[in-house]
Amino acid sequence: MEQILCVYCGDLFDASPRHKNQIACKKAECQKAKKADWQRHKMKIDPINNANQKISQKEWVRANPGYWKNTAGTIPKKRNGIESFKPSETERPGLPIWMQRWIRC
Ligand SMILES: [Zn+2]
């Protein structure tokens, strides 16, 4: 059986064939940490999805100036609009690797 490294405690654990992209082992503390991270992640990501539907990204970015600070320098310079400002679905340079892996699942 494939073994995966838990991102919270660093222990190896058996991967369940039914659950792809596992990042945490079965320990209660790791599951709790995973849940907390997921909620933080959701709070950070959801406003973008909502913003894409309700207001223009430009307005959203103006209202959330801190969001892009970790990605400064990795986003191409704007040319004539906001389209080049949006990172691709699989590339979110501001997020940790394990979280990018999570988003793709
Ligand atoms: Zn663990």
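**Exercise 1. Find K26 in this predicted model and work out whether K26 is buried or exposed.**

Step 1: K26 sits in the loop that links β2 and α1. Keep in mind that you're looking at a predicted model, not an experimental one.

Step 2: Look around the side chain. K26 has 11 other C-beta atoms within 10 Å, and the cut-off for exposed is 12 or fewer, so K26 is exposed.

Step 3: Now check who touches K26. Skip the neighbours within four places in sequence, and you're left with contacts to F13 and Q31.

Step 4: Try a longer hop along the chain. C6 is 20 residues away from K26 in sequence, yet their C-alpha atoms are 9.1 Å apart.

**Exercise 2. Place C30 and say which residues C30 touches.**

Step 1: C30 belongs to helix α1, which covers residues 28-54.

Step 2: Count the C-beta neighbours inside 10 Å and you get 19 for C30. Buried needs 20 or more, so C30 counts as partly exposed.

Step 3: Leave out anything up to four places away in sequence. C30 then touches C6, Y8, C9, A24 and C25.

Step 4: For a distance check, go to G10, which is 20 residues from C30 along the chain; the two C-alpha atoms are 10.0 Å apart.

**Exercise 3. Do the same for A33: which element holds A33, and which residues are in contact with A33?**

Step 1: A33 is in helix α1.

Step 2: A33 has 16 C-beta neighbours inside 10 Å, so A33 is classed as partly exposed.

Step 3: Ignoring neighbours within four places in sequence, the contacts of A33 are Y8 and A24. Both of these turn up in the C30 list as well.

Step 4: V7 lies 26 residues from A33 along the chain, with 9.9 Å between their C-alpha atoms.

**Exercise 4. Zoom out: how many helices and strands are there, and in what order do the elements run?**

Step 1: Count them up: three helices and two strands.

Step 2: Starting at the N terminus, the order is β-β-α-α-α.

Step 3: Of the 105 residues, 3% are buried.

Step 4: Take the contacts with a separation of 6 or more; 25% of those join residues 24 or more positions apart.

**Exercise 5. Where is confidence highest, and where is confidence lowest?**

Step 1: Begin with the whole protein: the average pLDDT is 73, and 51% of the residues score at least 70.

Step 2: Go element by element. Strand β2 (residues 12-14) comes out highest at 94, while helix α3 (residues 97-104) is lowest with a mean of 64.

Step 3: Where pLDDT is low, don't read the predicted coordinates in detail.

Technical notes. Residues are numbered from 1 along each chain as its sequence is written. This is a predicted model: local features need pLDDT of at least 70, side-chain atom pairs count only at pLDDT 80 or more; totals for chains, interfaces and linings use all residues. Helices (H or I, at least four residues) and strands (E, at least two) are DSSP runs, numbered from the N terminus. Two residues are in contact if their C-beta atoms, placed from the backbone, lie within 7 Å. pLDDT is the predictor's confidence in each residue, from 0 to 100.
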